Amino acid sequence: MTLSVTINAHQLGRLIDKTIGHMGSEYIEQLHGIRLDVDAHYLYAVASDRYTMAVARYALTDNEDEPWARTIPAEYLPALREWINSHQGDTWVTIEAGENRLAFDSPRTGYSVALNRGLEFPDWRGILRKLTENSIDGEPFPYLNSTYLARFGSSEGLLRVRLAGDTKAALLLGKDFIGAVMPARYEGLEPAKQEPFATAFETWRWTLAAGSKDADMDDMPKPEHPRYEASTDVQETGKGLLQNVLQSTSNAVDTSYFDDDNEAWYAHIHASVANWRAFRYLDALAKVDPRAAAQVVADTAEQLDDGALGEWAWDEAEKAGHNPKKWDEDYEKALRERAAGKPPMWATRFAVGLNAARLAGINFRVEENPHVTFDAETGEWKAVMPQSAESAA
């Protein structure tokens, strides 16, 4: 019976990237690689070096094969990652598990690795399950090695942490990621002393006594970017896009009701739509690939700070095979047609100002002119279409 699973190249690469930093060294052969483990619902990538453990998963659809697991030896992973990078992200890759080989096939090419089935991989499900069921006695206050924690930087973006006891592994949990990190047992060459929080805190009590009892991390100043400087933070960029949607929508209503400025109304509506689209795209990208989202935001911020958006858009349009020159000509033509047969905008705004002054009870007198006139029937000042020289004669 053939044991296989299908995943796109982008997601396969992410599984490897999330776990490769947790592999054991060549001195622990059964841990010196990444374990691919398949059950009825997920394809998992698992790696551990005894000090940390990382499990990333990819949801499968309609997988009816038997569960299987194979370990990709570390020596093959760099070449495998390059093979994956040679494909478009949406290219489907079939992983077929043989007795002594693991084959990766795509419509373009294939790659296979030799396996040593005699190496027994730890029961990673049992290890992590036990951590989730551990009860906490007293105040857990373990040492955590920051070098180990740094390995989780590319795992999920945001992870929940559960401390399962002073000497037990800490559990890290995300939507599609679960991992563990062991507490440090040595300070330099000496065993790490096990001590409660109160004892450890004594070394900092005098320093921190001068602080306010009401201080909170949530109250710390937040970054404030100058108006001309685009944010490079994904969350802050998303927040700004949502604020722009609400502001543009509100301004569109005000413009339509108070100013009768169709061009400004169109501009606010377009801004609302564009910002909402950008937020939805960014939100989706951040969920699929947080690192790609961060890179896109950083690159876009650099382009925004450059200020030449028109030139960037013109170049991209030409690269995509479009005709931006015709777009520009068609837009100018549409503006002229829209303005034809209407009073000039400055005259419309002048009439709006006169009506506002009249409603406010301000007395004024307007000399007879060809731009605005008072409509006694409606009781309002209105803009007048300018007459041509021939009709005036």
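Let me start with lysine 326, which is partly exposed, with a relative accessible area of 43%, and I should say at once that what we are looking at is a predicted model. Lysine 326 forms a salt bridge with aspartate 330, and the closest N and O atoms of the two are 2.9 Å apart. Both residues belong to helix α10, which covers residues 324–339, and they are four residues apart, or about one turn of the helix. As a general point, an α-helix has 3.6 residues a turn, so residues three or four places apart point the same way. Aspartate 330, for its part, counts as partly exposed because its relative accessibility is 38%.

How many salt bridges does a search of the whole structure find? The search finds twelve, and I will go through a few of them. Aspartate 49 pairs with arginine 151, with the closest N and O atoms 2.5 Å apart. This pair links distant parts of the chain, since aspartate 49 sits in the loop between β3 and β4 (52–59), while arginine 151 sits in the loop between α4 (146–150) and β9 (160–163), 102 residues apart. Is aspartate 49 buried or exposed? Aspartate 49 counts as buried, because its relative accessibility is 8%, whereas arginine 151 is partly exposed, with a relative accessible area of 24%.

Another salt bridge brings together the side chains of aspartate 375 and lysine 382, at 3.3 Å from N to O. Aspartate 375 is partly exposed at a relative accessible area of 24%, and lysine 382 also counts as partly exposed, at 34% relative accessibility. There is also a network of salt bridges, in which Asp37, Asp39 and Arg125 are linked.

Let me go back to the end of strand β3, which spans residues 42–48 and includes serine 48. Serine 48 counts as buried because its relative accessibility is 7%, and the cut-off for buried is under 20%. The side chain of serine 48 reaches the backbone nitrogen of arginine 50 at 3.2 Å. Leaving aside residues up to four places away in sequence, serine 48 touches His22, Met23, Gly24, Leu31 and Met53.

Now to a sheet and the helices that pack on it. The sheet is open and has four strands, in the order β1-β6-β7-β8, with antiparallel pairing. Strands β1 (3–8) and β8 (110–114) stand at the edges with a single partner strand each, so one side of each is left without a neighbour in the sheet. From one strand to the next, the twist averages 15 degrees. Strand β7, residues 101–105, runs antiparallel to β8 and is joined to it by five bridges, and arginine 101 stands opposite alanine 114 in β8.

Helix α1 packs on this sheet, where it touches β1, β6 (92–97) and β7, and the direction of α1 makes about 100 degrees with that of β1. Helix α2, residues 77–85, packs on the sheet as well, touching β6, β7 and β8, and its direction makes about 165 degrees with that of β8.

Finally, why is α1 described as largely enclosed by the rest of the structure? The reason is that nine of the eleven residues of this helix, residues 9–19, are buried, among them Arg14 and Lys18. At the N-terminal end of α1, asparagine 8 acts as a cap, with a side-chain oxygen 3.1 Å from the backbone nitrogen of histidine 10.

Conventions:
Residues are numbered from 1 along each chain as its sequence is written. This is a predicted model: local features need pLDDT of at least 70, side-chain atom pairs count only at pLDDT 80 or more; totals for chains, interfaces and linings use all residues. Side-chain values use heavy atoms; hydrogens and water are left out. Helices (H or I, at least four residues) and strands (E, at least two) are DSSP runs, numbered from the N terminus. Buried means under 20% relative accessible area, exposed over 50%, partly exposed in between (1.4 Å probe, protein chains only). A polar contact is a pair of N or O atoms within 3.5 Å; within protein, one must be able to donate a hydrogen and the other to accept it, and residues adjacent in sequence count only if both atoms are side-chain atoms. Contact means heavy atoms within 4.5 Å. A salt bridge is a side-chain nitrogen of Lys or Arg within 4 Å of a carboxyl oxygen of Asp or Glu. Two strands pair if DSSP finds at least two bridges between them. Axes are lines fitted to C-alpha atoms, for helices over the stretch in contact, and angles run from 0 to 180 degrees between N-to-C directions.
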